[in-house]
Amino acid sequence: MNNHFTDERDSYGRLLLDREVWRQATTLAAAGELTARWLEGKSQYQAGTLAPSFDAETGPIAAQLAEINRSGFFTKESQPGLPADAGQAQRQYVTGFCSPESARLLLQLSTQTELVAVAHAPGEMSNASIPVSLDGDEVVTVLGTSESPIESEQIRDWAEESNETLALVLADSWYIELLDPVWGRNDRLLAAVLNTLKAAPDAV
C-alpha cells in the first residue's frame, strides 16, 4: 500500500487510508460493517459523514447502532431522545438503507407498536415534515424525506464518497426512517429495530 496515504486526511479531517476500504464496499452488508467499525472507533472515515468521528450525543447509542448496522440496516442518520429541558427536546430516531424484506418488517413497527416507521421505495421522491428536534418553539429537525440517491448528481456524490457500485445499490434500496414518538425516551426504538432485523430472512 502506498505510504503516502497512511496519515493524509481530506478537507473534513477524515483519514484517507480508511477511505480506501470504502472503495471495495459494494453491498449493504459491507457498508454496514464499515459503519459499525466507525461507530466502534476503529475507522476515521464514514461515507456520507463529513467528519472523522461521530458527535458526542451519539456515544451512548453507538454500540446499539453498530449492532444494527451488522444486522442488515446501513444507517445514515440517528439521534438519541432528549427530554424537554433547557428549552430543547428530541425524539430518538434512526434512518438507513435496507432490503425490501427488512423494509416490510420494519414498517410493521408502525402497526404493531407505538413506534413510527416511514418507508421510501427505491426511486421514490417523497417529502414530509415530522418534527424530531425542537429548540424552544422552533422545529430544527424533521423526518419524512427520502435520502436515497435518485438523481444522477446524488448518485455521483455517493460514488465519490464510496464507489459507483455501492451508489447504485443504495439507489435500488429501500430507505427507512424510524422514530419514537415520545420525546426524550431512549429505551424502546433501537432495541425494537434490532429485534425486527434479526427476524428478517436476509439478516446478516
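Visitor: At what angle do helix α2 and α3 pack, and how far apart are their axes?

Guide: Welcome! In this predicted model, helix α2, residues 28-39, packs against α3 at an angle of about 165°, and their axes are 8 Å apart.

Visitor: What makes α2 roughly antiparallel to α3?

Guide: Set the value against the cut-off. Angles over 145 degrees count as roughly antiparallel. The angle here is about 165°, so α2 is roughly antiparallel to α3. The crossing of α2 past α3 is left-handed.

Visitor: Which residues meet in that contact?

Guide: From α2 come Gly32, Glu33, Thr35, Ala36 and Leu39, and they meet Ala62, Leu65, Ala66 and Asn69 of α3. Sorted by class, the residues of this contact are 5 nonpolar, 3 polar and 1 charged.

Visitor: Now for α3 and α8. Why is α3 called roughly parallel to α8?

Guide: The axes of α3 and α8 cross at roughly 20° and come within 10 Å. Angles under 35 degrees count as roughly parallel, so α3 is roughly parallel to α8. Here, too, α3 passes α8 in a left-handed crossing.

Visitor: Which residues of α3 and α8 meet?

Guide: Gln64, Leu65, Glu67 and Ile68 are the α3 side, while α8 brings Leu190, Ala191, Val193, Leu194, Leu197 and Lys198. By class, this contact has 7 nonpolar, 1 polar and 2 charged residues.

Visitor: How do you know that α8 is largely enclosed by the rest of the structure?

Guide: A residue is buried when its relative accessible area is under 20%. In α8, residues 189-198, 7 of the 10 residues are buried, so the helix is largely enclosed. The buried ones are Leu189, Leu190, Ala192, Val193, Leu194, Thr196 and Leu197.

Visitor: What do the buried residues of α8 pack against?

Guide: They pack against three helices and two strands that you can find by number: α3 (62-69), α4 (100-107), α5 (109-112), β4 (93-98) and β8 (174-179).

Visitor: β4 and β8 bring us to a sheet. In what order do its strands stand?

Guide: The order is β1-β4-β8-β5, in an open sheet of 4 strands with antiparallel pairing. The twist from one strand to the next averages 15°.

Visitor: Why do β1 and β5 stand at the edges?

Guide: β1 (74-79) and β5 (116-120) each have a single partner strand, so one side of each is left without a neighbour in the sheet.

Visitor: How do you know that β1 and β4 pair?

Guide: Two strands pair if there are at least two bridges between them. β1 and β4 run antiparallel and are joined by 5 bridges, so they count as a pair. For instance, Glu77 stands opposite Thr95 in β4, and Thr75 has Gly96 as its bridge partner. Helix α8 packs on this sheet, touching β4 and β8, and its direction makes about 20° with that of β4.

Visitor: How many bridges link β4 to β8?

Guide: There are 6 bridges between β4 and β8, which pair in the antiparallel sense. Gly96 is part of this pairing, with Ile176 in β8 as its bridge partner.

Visitor: What makes β4 largely enclosed?

Guide: 6 of the 6 residues of β4 are buried, so the strand is largely enclosed by the rest of the structure. Both faces are covered: one side has Tyr93, Thr95 and Phe97, and the other has Val94, Gly96 and Cys98.

Visitor: Which strands are the edge strands of the sheet β2-β3-β6-β7?

Guide: β2 (82-85) and β7 (138-143) are its edge strands, as each pairs on one side only. This open sheet of 4 strands has antiparallel pairing, and its neighbouring strands are turned by 30° against each other on average, direction ignored.

Visitor: How do you know that β2 and β3 pair?

Guide: They are joined by 2 bridges and run antiparallel. At least two bridges are needed, so β2 and β3 count as a pair. Asp85, for one, has Gln88 in β3 as its bridge partner.

Visitor: Last one: why is Thr27 called partly exposed?

Guide: Thr27 lies in the loop between α1 (16-22) and α2. Buried means under 20% and exposed means over 50%. The relative accessible area of Thr27 is 38%, so Thr27 is partly exposed.

Notes. Residues are numbered from 1 along each chain as its sequence is written. This is a predicted model: local features need pLDDT of at least 70, side-chain atom pairs count only at pLDDT 80 or more; totals for chains, interfaces and linings use all residues. Side-chain values use heavy atoms; hydrogens and water are left out. Buried means under 20% relative accessible area, exposed over 50%, partly exposed in between (1.4 Å probe, protein chains only). Contact means heavy atoms within 4.5 Å. Axes are lines fitted to C-alpha atoms, for helices over the stretch in contact, and angles run from 0 to 180 degrees between N-to-C directions. Angles under 35 degrees count as roughly parallel, over 145 as roughly antiparallel, 65 to 115 as roughly perpendicular and the rest as oblique. A crossing is left-handed if the near helix is turned anticlockwise from the far one by less than a right angle, and right-handed if clockwise. Ala, Val, Leu, Ile, Met, Phe, Trp, Tyr, Cys and Pro count as nonpolar, Asp, Glu, Lys and Arg as charged, and the others, Gly among them, as polar.
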